Amino acid sequence: MTKFSTKAIHAGQEPDPGTGAVMTPIFQTSTYAQTGLGGHKGYEYSRSGNPTRTALEECIAALENGTYGLAFASGLAAEQAILSLLKSGDHLLSCDDLYGGTYRIFERVISRYNIETGYVTTGKPEDYEKAIQPNTKLIWLETPTNPLLRLVDIRAIAEIAHRHNILLVVDNTFSSPYFQRPLELGADIVLHSTTKYINGHSDVVGGALVLNDHETYEAIKFYQNAAGGIPGPFDSWLTLRGIKTLAVRMRQHEENAFSIAQFLTEHPRVQRVYYPGLASHPDYALAKRQMSGFGGMVSFDFKGTLEDVDQLVRKLNVFTFAESLGGVESLVCHPATMTHGSIPKELRESRGLTDTLLRLSVGIEDIDDLLLDLQQALAD
Ligand SMILES: Cc1ncc(COP(=O)(O)O)c(C=O)c1O
């Protein structure tokens, strides 16, 4: 089993040995009968392990071409598990165009434990090297970034990180393993908010990590059990079901996103379009090298005031005005007041995240309906 779509449907999901059930059962149990002292079948208590969760962990690991998978109750719970590798006095180096909740955990949670985060404001690998301090233990990348869809060169930064004995974390939520596999490019830990493309149906909040190094895996697995931020069996099962169609969904997301990016580029009320699949995108060459497709996220700067932005989102019918991304349905979000509201305004604007920026999570509805919806909402 080597090809992506086959693994998405089968990895970690042998028919149930007890009953022959083809679909992995929802093992809705907190505990497991033991035959005597130490006499168990690999499961003792569902915080430590649950067979439905194991199937999910194995499947996501297979999709990232990694050895170990770990599933969590949310993307942020997965992030906190990575951050448990740090101790007081350590330094973290991050890209600056980040999901707001990731910035919040860096600035308002781990900062309390005397762990400082430095931010690199350009995508240039040499600037990461310059910002490394003697106590830097992790480099954290999100690529493509959220919401400006800039790219960072994973292979170049992995090489720098390893030269300095630093672990590289890549948040791969926006691409999904269908379009980008950071471990193959040298990253040490891949992070997903499975809430997004991996589950794909906007009905579960979850997170996952994939990694190859046994020692790091054991350390994070220890924290997963010790802190307890695990997904329940039903959420694990829903996510596994979502994954089965990941490949076909991603292809359609991309096709639709590409058409929308082109449409917006030509629209007189649009100032600027951010989509790595456009030849005009500053990271287009890197996108072609590092990813096998450009994904389903498109951001654009609208010409107008904040009131005009409000009118625009109210006029949209097929696109729903909501946070989040990666579901089969199209969403529009206003990062300045929604996903990135926790970043101070001056900082936000200095990073190019203006008040008139809108982010589209392009779904897999019929493209004609999506284009017509945008056309009528953008009309004067
Ligand atoms: C890129 C990215 N990483 C991490 C997260 C956090 O994930 P969750 O909301 O599942 O905790 C999000 C959520 O929006 C995200 O967009």
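The legends below describe an overall view and several close-up views of a predicted model.

In this predicted model, local features need pLDDT of at least 70 and side-chain atom pairs count only at pLDDT 80 or more, while totals for chains, interfaces and linings use all residues. Residues are numbered from 1 along each chain as its sequence is written, and side-chain values use heavy atoms, with hydrogens and water left out.

**Figure 1. Overall view of the protein chain, with 14 helices and 12 strands.** Helices (H or I, at least four residues) and strands (E, at least two) are DSSP runs, numbered from the N terminus. The radius of gyration is 21 Å, close to the 21 Å that the globule rule gives for 380 residues, so the chain is as compact as a globular protein of that length. This radius is taken over C-alpha atoms, and the rule is 2.2 Å times the number of residues to the power 0.38. Along the principal axes, the C-alpha atoms fill a box of roughly 75 × 50 × 35 Å. Of the 380 residues, 54% are buried; buried means under 20% relative accessible area, exposed over 50%, and partly exposed in between (1.4 Å probe, protein chains only). Among contacts (heavy atoms within 4.5 Å) with a separation of 6 or more, 72% are between residues 24 or more positions apart.

**Figure 2. Close-up of the aromatic pair Tyr 178 and Phe 179.** The structure holds 10 aromatic pairs. Rings of Phe, Tyr and Trp (its six-membered ring) pair if their centres lie within 6.5 Å; planes under 30 degrees apart count as stacked, over 60 as edge-to-face and the rest as tilted. The ring centres of Tyr 178 and Phe 179 are 5.0 Å apart and the planes stand at 65°, so this pair is edge-to-face. Both Tyr 178 and Phe 179 are buried.

**Figure 3. Close-up of the aromatic pair Phe 258 and Tyr 275.** This pair is edge-to-face, with 6.2 Å centre to centre and 70° between the planes. Phe 258 lies in helix α10 (residues 246–265) and Tyr 275 in the loop between β8 (270–274) and α11 (284–290), so the pair ties together parts that are 17 residues apart in sequence. Phe 258 is partly exposed, at a relative accessible area of 30%, whereas Tyr 275 is buried, at 0%. Together with Tyr 284 and Phe 294, Phe 258 and Tyr 275 form one aromatic cluster.

**Figure 4. Surroundings of Tyr 68 in strand β1 (residues 68–72).** Leaving out residues up to four places away in sequence, Tyr 68 touches Ala 61, Leu 209, Val 210, Leu 211, Asn 212, Asp 213, His 214 and Tyr 217. Ile 9 is 59 residues from Tyr 68 in sequence and 18 Å from Tyr 68 in space, C-alpha to C-alpha.

**Figure 5. Cis peptide bonds before Pro 144 and Pro 147.** Most residues other than glycine have a negative phi, and most peptide bonds are trans. The bond from Thr 143 to Pro 144 is cis, with omega near -5°. Asn 146 and Pro 147 are also joined by a cis bond, where omega is about 10°. Pro 144 is in the loop between β4 (136–142) and α6 (154–163), and Pro 147 is in the loop between β4 and α6.

**Figure 6. Positive phi at Asn 65 and Ser 176.** Asn 65, which is not a glycine, has a phi of about 55°. Asn 65 lies in the loop between α2 (51–63) and β1 and is partly exposed, with a relative accessible area of 40%. For Ser 176, phi is near 70°. Ser 176 is found in helix α7 (residues 176–179) and counts as buried at 0% relative accessibility.
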